[in-house]
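Work through the exercises below with the model open. Each one gives a task and then a solution in steps.

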Amino acid sequence: MQEIHVTENEAGQRLDKLLAKFLKEAPKGFLYKMLRKKNITLNGKKASGSEKLLQGDVVKLFFSEDTIEKFSGSTAEKFSGQAEKLDRSAEKLDILYEDSHILLINKPAGMLSQKAKEQDISAVEHLIQYLLDSGQLTRQELKTFRPSVCNRLDRNTSGILAAGKSLTGLQEMSRFFKERSIGKYYLCLVCGEVKKPELIRGYLYKEEKTNHVRVSRTELAGSARIETEYRPVASGAQLTLLEVHLLTGKTHQIRAHLASKGYPILGDYKYGSRKVNDVYRKQYGLKSQLLHAWRLRMPESAGDLAYLAGKEFKAPPPALFQRICRESIGQTDLC
């Protein structure tokens, strides 16, 4: 027999949804049969599966350990197999802010936001390992709730990743990003001299096979409308440091949109100048675009994250980003 004690992160969902997460390999028919036979009970009573769970509820599974192990196929067991890889990894979370609901990370270039393949180690795996190590999450809880990031950055883009530690944090932060109510500001070093602020609009079309996007002034079939706002911070040596306000958030939007205006990001081989990039690669060892998610401004909200309304968080750019800005354009204040 095994018990599931419903926490804040499981409360509010139907019992059958919780069971489907905990026993993810079990057929639905099997779960309902076990409910009818009282092999699964809720607070010691027979249940149908449609009940809305409350914090403190107790679900009992009158199964053998072998049966539970057979049907669990859980995130916790899969995650355990990655623990050794995480232990060997040199990546550690650079935590900018943390409370009971959310956590803000300064992601380094080279780290995936979320895994693309089963064997990948991403910021999400580092997040979960941190929460397990600090005692904020148990492997039992991981079977029914998986903390995750709420926004994505390209692998070689550094900067602020927002993560939900609780179900409330995950849902609210994800809503902020979906509704575009959260302020997202980036720093990037581009080729060319940008003399004035500008709001640019267009349409972005993604080639799925090549993971390459095209920007057009006119709408194309399958394209999405994009808006990007930027202002020059400093310039020199035919380079300009821009602060970019991302008004919409599409794949490679900043990189492709700026390149379409003749201002490709330094270090970006996909949309930029190979000739210029090779010079900085040879001189500085630059291997990725100098694009950094710098500032995050929280929106006004009446929800559970209302205490964050109007707060702003900043992430210092990587050391190499700061060095190139300092030596190329004389910009030293990037923190």
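The exercises cover a helix pair, two pockets and a cavity.

This is a predicted model, in which local features need pLDDT of at least 70, side-chain atom pairs count only at pLDDT 80 or more, and totals for chains, interfaces and linings use all residues. Residues are numbered from 1 along each chain as its sequence is written, and side-chain values use heavy atoms, with hydrogens and water left out.

**Exercise 1.** Describe how helix 1 and helix 2 cross, and list the residues that meet.

Step 1. Helix 1 spans residues 15–22 and helix 2 residues 28–36; helices are DSSP runs (H or I, at least four residues) and strands likewise (E, at least two), numbered from the N terminus.

Step 2. The two axes come within 11 Å and cross at roughly 120°. Axes here are lines fitted to C-alpha atoms, for helices over the stretch in contact, with angles from 0 to 180 degrees between N-to-C directions.

Step 3. Helix 1 is therefore oblique to helix 2 (under 35 degrees is roughly parallel, over 145 roughly antiparallel, 65 to 115 roughly perpendicular, the rest oblique).

Step 4. From helix 1, Leu15, Asp16, Leu19 and Ala20 meet Leu31, Tyr32 and Leu35 of helix 2 (contact means heavy atoms within 4.5 Å). By class, this contact has six nonpolar, no polar and one charged residues (Ala, Val, Leu, Ile, Met, Phe, Trp, Tyr, Cys and Pro are nonpolar; Asp, Glu, Lys and Arg charged; the others, Gly among them, polar).

**Exercise 2.** Characterise the largest pocket and the second largest pocket by volume and lining.

Step 1. A pocket is an open set of points on a 1 Å grid over the protein atoms alone, with protein on both sides within 12 Å along at least five of seven lines; a cavity is a set where a 1.4 Å probe fits but cannot get out, and lining residues have an atom within 4 Å of a point. Points are joined across faces, edges and corners, and a volume is the space filled by probe spheres set on them.

Step 2. The largest pocket has a volume of about 1,100 Å³. Its lining has 37 residues, with Arg152, Leu153, Asp154, Thr251 and His252 nearest the centre.

Step 3. The second largest pocket has a volume of about 180 Å³; its lining includes Thr7, His101 and Lys165.

**Exercise 3.** What lines the largest cavity?

Step 1. The volume of the largest cavity is about 60 Å³.

Step 2. Strand 14 gives the largest share of the lining, four residues. Among the lining residues are Phe177, Tyr185 and Trp294.

Step 3. The lining divides into seven nonpolar, one polar and two charged residues.
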